[in-house]
Structures are given as structure tokens and as C-alpha cells.
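Subject: Handover of a structure and findings

Dear colleague,

Please find below the structure that I am handing over to you. My account of what was found in it follows directly after.

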Amino acid sequence: MMMRIGVTVLALGLAAHAHAWDADKGAEKAKQVCAACHGETGTEAKVPGAAILAGQYRDYLYHSLLDYKTGKRKNAIMSGQAQALSDADMRNLAAYYARQSGPLKVVR
Amino acid sequence: MNRTLGLIVLALAFGAPASAQQAAKAGNAEAAKVKVSMCVGCHGIPDYRTAFPSVYHVPKIAGQSADYIAAALNAYRTGERLHPSMQGIAKSLSEQDIADLAAYYSAAAGGASR
């Protein structure tokens with residue numbers, strides 16, 4: 001019984017860790033690899049065709065990076081960039097950009 | 001002579017990006033107003049999520065760059081980007097539709113922030 005609870009607690013702990021969305025860590029990574037094209041806080045398209053990321057939904061951003069990494073989505077620049085990112089990196093970056101304010105909105 | 005050369009250099013420097021943009025159609029945001037009905041059912045609802053094939057938020061597209069929106073729609077058309085609903089919709093769009101929608105949504109940042 002105790003062992004079973006222990007295993008459950010461990011599993012929950014690992015699951016929580018695997019799904020950490022650390023925006024502060026994302027900020028570091030963003031500065032290194034994303035800012036040149038997307039702007040430091042993701043509010044710019046510094047190269048034609050780059051997306052504005054600031055304020056976008058976190059799960060959408062993560063999903064996009066995942067699709068680039070797995071090849072489901074193809075782009076000359078992003079396919080390569082995503083290869084270098086771990087799952088944690090992608091979650092952290094998504095959390096960072098979702099937290100920024102920018103021009104993105106939902107309108108009818 | 002030098003001045004002529006300078007003007008040629010200047011024309012080349014500014015002419016290159018201008019002609020690249022002309023290759024893509026010029027968008028008319030006003031014309032898009034009758035075309036957005038197929039977009040608003042998902043992209044016009046705050047916090048709306050896709051239900052298939054996986055669940056996540058439908059992206060905010062108002063205020064996005066026009067180049068990016070056009071590139072995304074074209075990528076759905078060619079299959080570089082995969083999503084069943086978006087591929088179906090993108091394939092129904094003409095180049096002019098794509099340009100118009102890109103113009104409309106990139107300029108549509110004035111709405112409520114949500």
C-alpha cells in the first residue's frame with residue numbers, strides 16, 4: 001500500500017516535471033536562438049515571413065515547434081532550428097512568448 | 001556619371017525587395033470582409049481549441065504579419081503544413097483570396113485584446 005502511494009507520488013512528480021513550462025528559462029533560450037528573426041520579445045517579424053509570437057497561445061506555440069521538429073510542418077529556417085530544441089526548451093519558449101504582450105488578438 | 005551610377009545602385013537596392021513584393025499579389029483588406037466567414041468560426045472565438053486531430057488553441061491571427069499569414073496559407077495548400085481543416089480551406093482559396101485575408105488580419109489589430 002505504502003509502496004503503491006509512493007509510486008503514484010513519484011509518477012505525479014515526474015509528470016509535473018515533464019510538463020514544466022518555465023518562461024524564465026525560455027527567455028534565456030529565446031535571446032540566443034529566436035530573437036534575431038522574431039525580436040527579443042517576439043513582437044517583430046525581422047525577416048519576411050517570420051511570425052509574430054508575443055501573446056500567442058502557449059499550447060499552439062509548443063505544437064508548432066513540435067511539428068517543425070517532427071517534420072510534420074516544414075520551413076527552411078524553422079525545421080532546422082527546432083531540431084536543436086529539447087522538449088523542455090520548446091515548452092519553455094512557448095511559455096515565454098505566450099507571456100509577452102504584443103499585437104496579436106482575436107477579432108471577428 | 002557618378003550620380004547616374006549612384007542612382008542605379010540606389011534603384012537596385014530598393015528595387016529588389018519591391019519587385020519581390022510585387023510577385024505576391026497586393027492584398028485588399030476591404031475585399032476580405034466577405035471572405036472571413038470561413039475563418040471566424042474558429043479564429044474569431046477567444047480561447048477556441050481545435051478538436052481534431054489534436055487539441056490545442058487555434059492561433060490568434062489578427063495582428064499577425066501579412067507575409068506570415070500568406071506563407072501559412074500557401075504552406076497548407078502545398079502540404080508543407082498539415083492540418084485537415086486548414087488544408088481543405090486553403091485549397092479553396094485563390095492567390096487573391098490569400099492576399100486579401102493576409103491584408104485583413106494583419107491590419108485587424110484594432111479589436112479587443114483577449
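Gly71(A) comes directly after H4(A), and its phi is positive, near 90°. Please note that the model is a predicted one. The helix that this glycine follows, H4 of chain A, covers residues 58-70. At 1.5 Å a residue its 13 residues should span 18 Å, and because its end C-alpha atoms are 18 Å apart, the expected and computed spans agree. Buried in H4(A) are Leu61(A), Tyr62(A), His63(A), Ser64(A), Leu65(A), Tyr68(A) and Lys69(A). The cover over these buried residues includes helix H5 (78-83) and helix H6 (87-99) of chain A.

Chain A as a whole

Chain A contains six helices and zero strands. Its elements, taken from the N terminus on, run α-α-α-α-α-α. The chain has 108 residues, of which 39% count as buried. Of the contacts in chain A between residues at least 6 apart in sequence, 68% join residues at least 24 apart.

Helix H2 of chain A

Which residues are buried in helix H2 (residues 23-33) of chain A? They are Gly26(A), Lys29(A) and Ala30(A). These residues lie on the same side of H2(A), because they cover an arc of only 105° around the axis. In an α-helix there are 3.6 residues a turn, so residues three or four places apart point the same way. The other side of H2(A) holds Asp24(A), Lys31(A) and Gln32(A), which are exposed. Helix H3 (35-38) and H6 of chain A are included in what covers the buried residues of H2(A).

The pairing of H2(A) with H6(A) can be described further. Their axes come within 7 Å and cross at roughly 95°. An angle from 65 to 115 degrees counts as roughly perpendicular, and H2(A) and H6(A) are therefore roughly perpendicular to each other. On the H2(A) side, the contact is made by Ala23(A), Lys25(A), Gly26(A), Ala27(A), Lys29(A) and Ala30(A). On the H6(A) side, Asp89(A), Asn92(A), Leu93(A), Ala95(A), Tyr96(A) and Arg99(A) take part. By class, the residues of this contact divide into six nonpolar, two polar and four charged.

Chain B as a whole

Chain B has six helices and zero strands, and along the sequence it follows the pattern α-α-α-α-α-α. Of its 114 residues, 25% are buried. Among its contacts between residues at least 6 apart in sequence, 70% join residues at least 24 apart.

Helices H4, H5 and H6 of chain B

H4(B) and H5(B) pack with their axes 8 Å apart, at an angle of about 95°. The two helices are therefore roughly perpendicular to each other. From H4(B), Leu73(B), Tyr76(B) and Arg77(B) meet Met86(B), Gln87(B), Ala90(B) and Lys91(B) of H5(B). This contact has four nonpolar, one polar and two charged residues.

Between helix H5 (84-91) and helix H6 (95-106) of chain B there is a loop, and Ser94(B) is placed in it. Is Ser94(B) buried or exposed? Ser94(B) is exposed, because 10 other C-beta atoms lie within 10 Å, and a residue counts as exposed at 12 or fewer. From Ser94(B) to Ala29(B) the separation is 65 residues in sequence and 15 Å in space, C-alpha to C-alpha.

H6(B) reaches 16 Å from its first C-alpha to its last, close to the 16 Å expected for its 12 residues at 1.5 Å a residue. This helix is mostly covered, with nine of its 12 residues buried. The buried residues are Ile98(B), Ala99(B), Asp100(B), Leu101(B), Ala102(B), Ala103(B), Tyr104(B), Tyr105(B) and Ser106(B). Helix H2 (29-32) and H4 of chain B are what the buried residues of H6(B) pack against.

Where the chains meet

How many residues does each chain bring to the contact between chain A and chain B? Chain B brings 23 residues and chain A brings 20 residues. Helix H4 (residues 66-78) of chain B supplies three residues, the largest share of the side of chain B that touches chain A. That side of chain B is made up of 11 nonpolar, seven polar and five charged residues.

With kind regards

How values were computed
Residues are numbered from 1 along each chain as its sequence is written. Chains are lettered from A and ligands numbered from 1 in the order in which they are written. This is a predicted model: local features need pLDDT of at least 70, side-chain atom pairs count only at pLDDT 80 or more; totals for chains, interfaces and linings use all residues. Helices (H or I, at least four residues) and strands (E, at least two) are DSSP runs, numbered from the N terminus. A residue is buried if 20 or more other C-beta atoms lie within 10 Å of its own, exposed if 12 or fewer, and partly exposed in between; C-beta atoms are placed from the backbone. Two residues are in contact if their C-beta atoms, placed from the backbone, lie within 7 Å. Ala, Val, Leu, Ile, Met, Phe, Trp, Tyr, Cys and Pro count as nonpolar, Asp, Glu, Lys and Arg as charged, and the others, Gly among them, as polar. The expected span of a helix is 1.5 Å times one less than its number of residues. Axes are lines fitted to C-alpha atoms, for helices over the stretch in contact, and angles run from 0 to 180 degrees between N-to-C directions. Angles under 35 degrees count as roughly parallel, over 145 as roughly antiparallel, 65 to 115 as roughly perpendicular and the rest as oblique. The arc is that of the directions from the helix axis to the C-beta atoms.
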